[in-house]
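Let's work through a few short exercises together, each with a solution in steps. Have your viewer ready and try each task before reading on.

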Amino acid sequence: MRLRFLPLCLLVICAAANPPLPTPAQQLMSRYGSCPKGVIIEGAAVGIDDVRSIQYIIDQNLFILNRDTPEEMSYVAPVSRDHLYQLAMALARDDRIGVSLGAAKSEIVYGGLNPKNQVVKDLLAADRLLTAVVLGEVADYPHVALPFAPRAARPRRYPAVCVHKFFDYRFGKYRRQYYLASVKMANEIFPLAANPALDGGVLANPLTSEPLEPTDRENCLDVHRFSREMMAIPAVQKAVAIGEAAAFLRYLRDHNDTDLVSLGRHIMRK
C-alpha cells in the first residue's frame, strides 16, 4: 500500500491559521478555574538584591538578609508572624493566592491557603468593600471615608463579576532596609455568565459585547483614579500588606531557590 501525503499548500495554510487570543477574563479562568469574584495577589517582588542567607528575628518580626556581609539588609514584615507562616506554606504548594465568592455566595480559596485562616478573612473583607464601591452599594460602610461618591445602578440590569488584583510590588532601599516603594491595584468588571464553574465559582461571559452597567464602569475608573487613597483604607491596606509579604516570599522562592516550607518552619520556631 502506498502512503499518501497532504499537499504542501494545505500544510502551510493550517500552520498559518492563528487561534484568537484569549480575553483577560478567559486568562483568569484558565489560571484559577473560575473567574475570581474577589481578590487575587500576583507577582514577585522587584528591587531586592541576591539573597545568600536569611534569618527571621521573632521579637522584631523582621528578616535579616546576607547577615555579617557588606550586602546585609533588613526587611520588616508587613504582616504578622502567623500570616507569614501561612503564606510561606501556601506558596510552597501553589503559586496562586486569592479568594472569591462563589455562585451561591460560598467562599472559594485559590491556592494553598487554609480557608479558616485570618489571611483569607482579611482578603475577603477587602473584596467586599472594593466590590461594594464598584457596584455603588456602600450602605453597609457608613464609617468608611471614601475619596469619591460611588454611583449605584437603579435598577440593576446587568450582573457583573468584580476582580481586584494587587500586583507589581516594587521595593526600595534606605539605610540598609528594604521598604515597599510602590504597588498597583487593578479593578476589573466582566459580564456574569449564566452557568457556574465546576469549582462552584462564577464564570465571566465570553462574549465581550455583553453590556455592563455604566455606573459600574464609572466607579471602576474612579477607583483607578483614586487607587492610592483606596489602598490606604484599613480593610484594603491589609490586603496590600498580604500581597507585599507574598511578593517577598515569591522572590525568595523564585530567585534564591529558597525552600518555603523550611522557611515557614524557621519563622514559627519556638
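**Exercise 1.** Find which strands helix α5 lies across, and its angle to β8.

*Solution.* Start with α5, residues 214-225: this helix lies across β7 (160-173) and β8 (177-191), where contact means heavy atoms within 4.5 Å. Helices (H or I, at least four residues) and strands (E, at least two) are DSSP runs, numbered from the N terminus. Next, the angle to β8 is about 170°; axes are lines fitted to C-alpha atoms, for helices over the stretch in contact, and angles run from 0 to 180 degrees between N-to-C directions.

This is a predicted model, in which local features need pLDDT of at least 70 and side-chain atom pairs pLDDT 80 or more, while totals for chains, interfaces and linings use all residues. Residues are numbered from 1 along each chain as its sequence is written, and side-chain values use heavy atoms, without hydrogens and water.

**Exercise 2.** Place β7 and β8 in the sheet by giving the strand order.

*Solution.* The open sheet has 8 strands, ordered β2-β3-β4-β8-β7-β1-β5-β6, with mixed pairing; two strands pair if DSSP finds at least two bridges between them. At the edges are β2 (54-57) and β6 (107-111), each pairing on one side only. From one strand to the next, the twist averages 25°.

**Exercise 3.** Describe how β5 meets β6.

*Solution.* Strand β5 (residues 97-101) runs antiparallel to β6, joined by 5 bridges. Then look at Leu101: opposite this residue stands Glu107 in β6. Finally, turn to helix α3 (residues 81-93), which lies across β2, β3 (62-65) and β5, at about 95° to β5.
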